[in-house]
Each structure stands twice: as structure tokens, then as C-alpha cells.
Amino acid sequence: MKAARKSEKPIRRGLTEALDLPADVLLDEPTVSVEGKRRLTVDNHKGVEEFDGEKLTVKTSIGALRVSGSSLVLEDLGCGSLLLTGTIRSIEWM
Amino acid sequence: MALSLWYSLRGYVKIQVKGSAPIRLIELARENGIPVRGIQSEGPGVLTACVTPKGFCMLRSLNRKAKCSVRIVQKSGLPFLLAGLRARPMLLWGGVAALAALYLLSGRIWRIDVSGCLHTDEAQVIEALRQEGVTEGTPIRAIDHSGLGNRLILRTKGLAWIGVTIEGTRLLVEVVEETPPPEALDDETPADIVATKKAMIASIFVYEGVAQVKEGQTVQPGQVLVSGILPHDGRRVRARADIAGRVWYTGKAYVSEKTFEFVRTGRVQEALAIEIAGMEAAEPADFELYDTERTVTCDGFGFFLPMTVSREIRYEIRSTAVRREEEELMRLAREASFHKATAQIPTDARIVATETTYQRTENGVIAITVVETSENIAAASPIPAG
């Protein structure tokens with residue numbers, strides 16, 4: 001089953017690139033938006049792995065996203081979408 | 001902002017989650033469709049978050065699974081506020097009564113402002129409004145708004161246009177006064193030009209008639225300046241001329257060395273004053289003599305309500321006798337005498353020169369100011385028939 005899904009990805013990716021479609025729709029990839037240093041939105045995530053006032057680790061379909069900073073607050077945690085505020089210092093994919 | 005307002009209306013509880021991995025409980029909540037917001041870390045193994053009361057009940061069943069303890073640290077929002085009020089019914093009823101009173105009062109006119117009255121009396125506009133059944137306290141819905149301005153014009157004199165608008169509980173009446181037509185010049189009746197006041201002729205330019213005075217000559221009130229009877233044929237005409245005269249006005253004022261000043265003693269009282277529909281209530285004053293600084297903290301007129309709450313700072317004052325400095329004494333005397341002199345000067349006159357002399361008395365100073373003006377001193381005086 002997993003092998004079948006993996007084989008679908010190149011086709012989906014090709015279709016997405018050919019038709020210029022948003023990647024989160026067909027590929028289930030996350031969308032990360034950052035407004036300045038104080039606001040970060042992640043759509044299409046798969047859950048929060050770790051959170052304290054200085055770091056946040058979010059699971060996504062393409063790996064974990066780690067956000068470091070200070071005075072971090074998870075303002076909203078909904079299904080598939082989260083909003084983080086505070087002073088963001090770094091964002092890295094793991 | 002909108003989300004916060006929605007949560008405040010629905011009510012929410014702030015919970016503290018303690019455990020080895022408190023985020024696990026938050027994750028379980030998310031997976032079970034429980035909305036969680038405002039997640040903050042309060043140290044290792046401690047998180048706070050906001051959930052709805054229903055969400056909190058659902059969370060309790062997930063506690064064991066996440067191996068966390070949950071307790072409420074704060075309840076906020078409208079449902080909790082109302083629940084708190086249920087225990088204090090009089091406060092609730094008082095609030096309801098106050099809101100009802102404000103609602104009823106806001107349906108009436110509580111202030112009438114008339115603007116634009118320069119020469120006419122505002123009282124006649126207020127009287128016309130009264131005759132139309134509009135006074136302070138009249139229900140707004142009882143006012144026949146359409147054509148009220150036109151009906152007011154019929155009831156008043158000297159007004160060309162009246163606009164009436166209602167802003168909340170305030171009735172604004174804008175007035176435009178009639179401009180009177182200029183006086184018709186009488187070119188037919190034979191007349192001399194005579195002096196209206198004692199003056200020295202500064203310039204004289206005759207268009208019609210015969211000059212009877214020269215520049216530099218002093219004239220008395222009523223003295224003929226230009227005659228309307230032509231000497232060569234005895235014909236009578238209406239004399240016309242531009243005549244400017246120099247006129248002197250004198251003002252005299254006495255200022256005493258001793259005066260009384262009010263000084264603050266340092267004692268201060270803070271008080272609240274509430275004004276509702278023109279009636280004011282304030283905390284009684286602790287002092288006999290005081291001056292006040294007032295700050296409006298809540299102006300209900302901004303929300304169309306006839307209520308203002310002000311904060312007053314009352315400073316106790318006392319009267320003390322002080323002796324004025326010589327320079328200040330002379331300045332005050334000069335200003336007062338100049339004011340008295342200029343009060344007599346007509347508006348179309350031009351001040352040419354001013355001179356002040358001082359007389360020192362035992363207890364003060366007398367200032368005499370002479371103001372010299374250049375002005376029109378001529379007036380037509382009809383020549384008697386025959």
C-alpha cells in the first residue's frame with residue numbers, strides 16, 4: 001500500500017507542476033507563512049510534537065518543522081492549522 | 001480579535017496542564033476536535049491553555065491517556081459573568097434598571113444648541129421651537145422633523161434660513177441671518193456736510209459744494225464743513241466730500257499697589273461629578289474656597305446618552321494681600337487707561353498715535369492715555385427750505 005502511494009507522488013508532483021496547482025492540495029504538503037518575526041502560521045500540519053516557550057516542533061508530511069524563539073505562544077491550534085506568536089528566531093526543517 | 005470576542009461571548013476556562021509531556025494532552029484534544037487556544041509554557045512540564053467549558057469536560061476523559069493533571073485557573077467570558085451575577089440579583093437588576101433608564105432618556109432631546117446668531121437673539125429661536133412643541137425633554141419621535149426649519153422661519157424675524165438636525169439627544173439649530181439691504185443714497189435733497197465731533201481737519205476733498213474749512217483747522221460738532229449752497233448762482237445741491245479728521249480720546253485709570261491674590265494651600269480633594277440630563281451631582285467639597293480642575297472621564301454624548309462622568313481635583317485656596325511691583329503697576333494702569341480710551345473709538349477709525357502719562361499717588365498709580373485717531377467726521381445735514 002505504502003509502495004503504491006509512493007509511486008503516486010511523482011505523478012501528482014508532475015501534475016501539480018504542470019498545472020501550477022497549490023502543493024498542499026494534491027501533495028498534502030504544509031504551507032508555512034511568516035509575518036515578520038512575530039507571527040507564524042502552519043497549515044496542513046500533522047500535530048505538535050514538542051512545545052515550550054522557546055521551541056515548537058510540528059509534524060508535517062515532509063518532516064518535522066522546528067521553530068525557535070522566545071515568549072512563544074500557540075494562539076490557536078485547530079485541525080490542520082496552527083498560529084504561533086512571539087519572537088521567532090529560527091525556522092528549520094528536520 | 002474577532003476570535004477573542006467570540007470566545008469571550010461563549011465563555012472559556014484557562015486550564016493548567018501538568019505532566020511529563022503536557023503537549024500530549026493538547027494534541028489529544030486537537031485530535032478529538034476540542035478547540036484549544038492561547039497555549040503558553042509556564043516552565044518545564046507545565047502549560048496553560050484556554051478551552052471552552054464543554055471542551056474542558058471532554059478533556060477530563062483524556063487526562064489518564066496523556067498522564068497529565070488538569071485544573072482550572074481562571075474562568076472568563078459572558079456565561080461566567082452572568083453566573084456570578086445570578087448570586088447578586090440586586091446588582092443585576094440595578095444594571096438592568098440603569099440600562100433601561102439610559103435607553104428611555106436617550107429617546108429625548110436633552111440639549112438644544114443654536115449657532116449662527118450674530119445680531120439676532122437666540123431666545124427667539126428657542127421660543128419658536130417651544131411654540132412648535134420642541135423643548136428639552138421632548139421625545140425625539142414626537143418631533144416633526146420635516147419642514148421644521150421653514151416653520152421656525154415663519155415664527156422668527158431677521159432670519160433667512162434655519163436648519164435643524166438631531167444628533168443623538170442634541171438638537172442642533174443652524175441659523176443664517178438676513179443681510180439687510182444697503183441704505184439708499186439720497187442724492188436729491190440739498191444738504192451741507194457738518195462735523196460730527198470735535199476734531200482737527202486732516203484732509204478734505206470736495207466733490208460737490210463749497211469747502212468752509214481748511215486742513216489743520218479745529219472744528220466743533222455741528223460746524224458746517226462743506227456748504228451745499230453754491231455762491232455764484234445760489235443753487236442748492238447735496239454737498240459731497242471725503243473728510244478725515246484727527247480726533248483725540250482720553251482714558252484714565254487708577255491701579256492700587258495693594259491687591260489680593262488667591263494661592264493654593266496644598267490641600268487637595270479628589271471627587272467625582274455626574275451630570276445626567278443637565279442635572280449635576282458631585283461629592284461635597286471639603287474646603288470653603290477652592291479652585292477646580294475637571295476632566296471628563298466618560299462623555300455619554302459621544303454615545304448619544306445624556307450623561308457625563310467627570311473627575312474633579314479641588315485645590316483649597318486662600319486670599320493673601322500682596323504688593324505689586326512698580327513695573328507691573330504701571331503696565332496694569334497703562335493697559336486699563338488704554339482700554340478705556342479705545343472703548344470710545346468707532347470701529348472704522350484708525351489709531352495714529354498713543355501716549356500715556358503717569359501720576360504717582362500715595363497708594364498707587366494713575367495712568368492717562370491719549371489715543372489719536374484718523375476718522376470720518378462728516379455727516380450730511382439737510383438745508384432747511386427757504
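## Residue S41(B) and its surroundings

In this predicted model, S41(B) is found in strand β2 of chain B. Is S41(B) buried or exposed? With 21 other C-beta atoms within 10 Å, S41(B) counts as buried, because the cut-off for a buried residue is 20 or more such atoms. When neighbours within four places in sequence are left aside, the contacts of S41(B) are F51(A), D52(A), G53(A) and L47(B), so that residues of both chains appear in the list.

A further point of reference is P22(B), which lies 19 residues from S41(B) along the chain, with 9.6 Å between the two C-alpha atoms. P22(B) belongs to helix α2 (residues 22-31) of chain B, where the buried residues are P22(B), I23(B), L25(B), I26(B), E27(B) and A29(B). Just after this helix comes G33(B), which takes a positive phi of about 75°.

## Where the two chains meet

Strand β2 (residues 36-41) of chain B also pairs with β5(A), in the antiparallel sense and over 4 bridges. Within this pairing, the residue that stands opposite L77(A) is V36(B) in β2(B). Strands of a sheet pair through backbone hydrogen bonds, either parallel or antiparallel.

Taken as a whole, the contact between the chains involves 13 residues of chain A and 12 residues of chain B. On the side of chain A that touches chain B, the elements giving two or more residues are β3 (47-51) and β5 of chain A, and the largest share, 6 residues, comes from β5(A). Sorted by class, this side of chain A has 6 nonpolar, 3 polar and 4 charged residues.

## The nonpolar cores

Which residues have the most contacts inside the largest nonpolar core? They are I26(B), I39(B), A49(B) and V51(B), in a core that has 32 residues. The element that gives the most to this core is strand β5 (residues 63-78) of chain A, with 5 residues. If residues up to four places away in sequence are not counted, I26(B) touches V48(A) and L77(A) in chain A, together with V36(B), I39(B), L47(B) and A49(B) in chain B. A second core, separate from the one just described, has 17 residues, and I193(B), I201(B), I204(B) and I377(B) are among them.

## Chain B as a whole

The secondary structure of chain B consists of 9 helices and 20 strands, and 20% of its 386 residues are buried. Considering contacts in chain B between residues at least 6 apart in sequence, 70% of them join residues that are at least 24 apart.

## Sheets and a hairpin in chain B

One open sheet of chain B has 5 strands in the order β11-β9-β13-β19-β18, with antiparallel pairing. Its edge strands are β11 (218-219) and β18 (350-360), each of which pairs on one side only. β18(B) is joined to strand β19 (residues 364-376) of chain B by 10 bridges in the antiparallel sense, and A367(B) in β19(B) is the bridge partner of Y358(B). Helix α9 (residues 326-342) of chain B lies across β13 (240-256), β18 and β19 of chain B, and runs at about 145° to β13(B).

Another open sheet, of 4 strands, follows the order β10-β12-β8-β20 in chain B and is also paired in the antiparallel sense. At its edges stand β10 (210-211) and β20 (378-382), and because each has a single partner strand, one side of each is left without a neighbour in the sheet. Strand β8 (residues 191-195) of chain B runs antiparallel to β20(B), with 5 bridges joining them, and the bridge partner of A195(B) in β20(B) is A378(B). In addition, β6 (residues 159-167) and β7 (residues 170-177) of chain B pair in the antiparallel sense over 8 bridges, among which L159(B) has E177(B) in β7(B) as its partner. β6(B) and β7(B) form a hairpin with 2 residues between them, and G168(B) in the turn has a positive phi of about 65°.

## Confidence in chain A

The mean pLDDT of chain A is 83, and 85% of its residues reach 70 or more. Over residues 1-7 of chain A, however, pLDDT stays under 50, and the model has 0 contacts beyond four places in sequence for these residues. Where pLDDT is low, the predicted coordinates should not be read in detail.

Key. Residues are numbered from 1 along each chain as its sequence is written. Chains are lettered from A and ligands numbered from 1 in the order in which they are written. This is a predicted model: local features need pLDDT of at least 70, side-chain atom pairs count only at pLDDT 80 or more; totals for chains, interfaces and linings use all residues. A residue is buried if 20 or more other C-beta atoms lie within 10 Å of its own, exposed if 12 or fewer, and partly exposed in between; C-beta atoms are placed from the backbone. Two residues are in contact if their C-beta atoms, placed from the backbone, lie within 7 Å. A nonpolar core is a set of buried Ala, Val, Leu, Ile, Met, Phe, Trp, Tyr and Cys residues joined through C-beta atoms within 7 Å. Two strands pair if DSSP finds at least two bridges between them. Axes are lines fitted to C-alpha atoms, for helices over the stretch in contact, and angles run from 0 to 180 degrees between N-to-C directions. Ala, Val, Leu, Ile, Met, Phe, Trp, Tyr, Cys and Pro count as nonpolar, Asp, Glu, Lys and Arg as charged, and the others, Gly among them, as polar. pLDDT is the predictor's confidence in each residue, from 0 to 100.
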